[in-house]
Structures are given as C-alpha cells and as structure tokens.
Amino acid sequence: SDDSWNYMRFEFVRGGRVCAAGYMKGAAVARDGLVPNATSYAAMGLAPLPHPLPAPVRDWLAAEHGVMQATW
C-alpha cells in the first residue's frame, strides 16, 4: 500500500492452473477526497502493514503516471 491506495493481486484458477492474474487498487474516499490509510486502518482498529510494492505494481504506477503527464 501507499499513503491512500491499497493493492490486491487476484487470480483465476482452473484445474489448479492460473489462467489469468492481475492487480487492482482501491481506496477509502470521503467527501473531500482520498482517506489516508493511517486514518481508515485506525478506524478499523488496524495498522497499515509496511509492504514494498511488487515490481509489476511499481511498473503499472509508472505507466499510469506517464499517461497522466502526457500532453496531446
């Protein structure tokens, strides 16, 4: 996770074999924008776990940043 986003890996498995896999991201949202993970986790009585993002997620975020910075 980062300050506001959480990332989850999912897999579709058939007959014990992974047929497709990917990542998704989600965040808690309030009227004024994204809720920091420290706040949302604390509300659930939890602490965010410090996990480094896997390389595919880092690559995805870099590509997303590039798309958002592109000017046409």
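This report describes the fold, ring contacts, salt bridges and surface of a predicted model.

## Overall architecture

The protein chain contains two helices and four strands. Along the sequence these elements follow the order β-β-β-β-α-α.

The radius of gyration of the protein chain is 15 Å, whereas a compact globule of 72 residues would have a value near 11 Å. Along the principal axes, the C-alpha atoms occupy a box of roughly 45 × 40 × 25 Å. Of the 72 residues in the protein chain, 14% are buried. One separation within the chain concerns Arg14 and Gly26: they are 12 residues apart along the chain, and their C-alpha atoms are 26 Å apart. Arg14 belongs to strand 1 and is exposed, at a relative accessible area of 67%.

## Aromatic pairs

Two aromatic pairs are found in a search of the whole structure. In one, the ring centres of Tyr7 and Trp60 are 6.1 Å apart and the ring planes are at 85 degrees, so the pair is edge-to-face. Because Tyr7 lies in strand 1 (residues 6–14) and Trp60 in helix 2 (residues 55–69), this pair ties together parts that are 53 residues apart in sequence. Tyr7 counts as buried, with 17% relative accessibility, while Trp60 is partly exposed at a relative accessible area of 29%.

The other pair is made by Phe10 and Phe12, and this pair is also edge-to-face because the planes are at 80 degrees, with the ring centres 5.8 Å apart. Phe10 is partly exposed at 31% relative accessibility. Phe12 has a relative accessible area of 52% and is exposed; the cut-off for that class is over 50%.

## Contacts of Lys25

Lys25 takes part in contacts with two rings and one acidic side chain. Its charged end sits over the ring of Trp5, at 4.3 Å from the ring centre. Lys25 also lies over the face of Trp60, 5.9 Å from the centre of that ring. Trp60 is the residue whose ring pairs with that of Tyr7.

The side chain of Lys25 further meets that of Glu64 in a salt bridge, with an N to O distance of 2.9 Å. This salt bridge links distant parts of the chain, since Glu64 is in helix 2 and Lys25 in strand 2 (residues 17–26), 39 residues apart. Both side chains belong to partly exposed residues: Lys25 has a relative accessible area of 24%, and Glu64 has 32%.

## Salt bridges

The search of the whole structure gives two salt bridges. Besides the link between Glu64 and Lys25, Glu11 forms a salt bridge with Arg9, where the closest N and O atoms are 2.9 Å apart. Glu11 is partly exposed at 41% relative accessibility, and Arg9 is partly exposed with a relative accessible area of 46%.

## Nonpolar surface

Met8, Phe10, Phe12 and Met24 make a nonpolar surface patch of about 390 Å². Strand 1 contributes the most to this patch, with three residues. Met8 is located in strand 1 and counts as partly exposed at 43% relative accessibility. The patch includes Phe10 and Phe12, whose rings form the edge-to-face pair with centres 5.8 Å apart.

Definitions and conventions: Residues are numbered from 1 along each chain as its sequence is written. This is a predicted model: local features need pLDDT of at least 70, side-chain atom pairs count only at pLDDT 80 or more; totals for chains, interfaces and linings use all residues. Side-chain values use heavy atoms; hydrogens and water are left out. Rings of Phe, Tyr and Trp (its six-membered ring) pair if their centres lie within 6.5 Å; planes under 30 degrees apart count as stacked, over 60 as edge-to-face and the rest as tilted. Buried means under 20% relative accessible area, exposed over 50%, partly exposed in between (1.4 Å probe, protein chains only). A charge sits over a ring if NZ of Lys or CZ of Arg is within 6 Å of the ring centre and within 35 degrees of the ring normal. Patches are made of residues with over 30% relative accessible area and no salt bridge: like charges are joined within 9 Å, nonpolar side chains (Val, Leu, Ile, Met, Phe, Trp, Tyr) within 5 Å. Accessible areas come from the Shrake-Rupley method with a 1.4 Å probe; for residues, only the protein chains shown count as cover. A salt bridge is a side-chain nitrogen of Lys or Arg within 4 Å of a carboxyl oxygen of Asp or Glu. The radius of gyration is taken over C-alpha atoms; the globule rule is 2.2 Å times the number of residues to the power 0.38.
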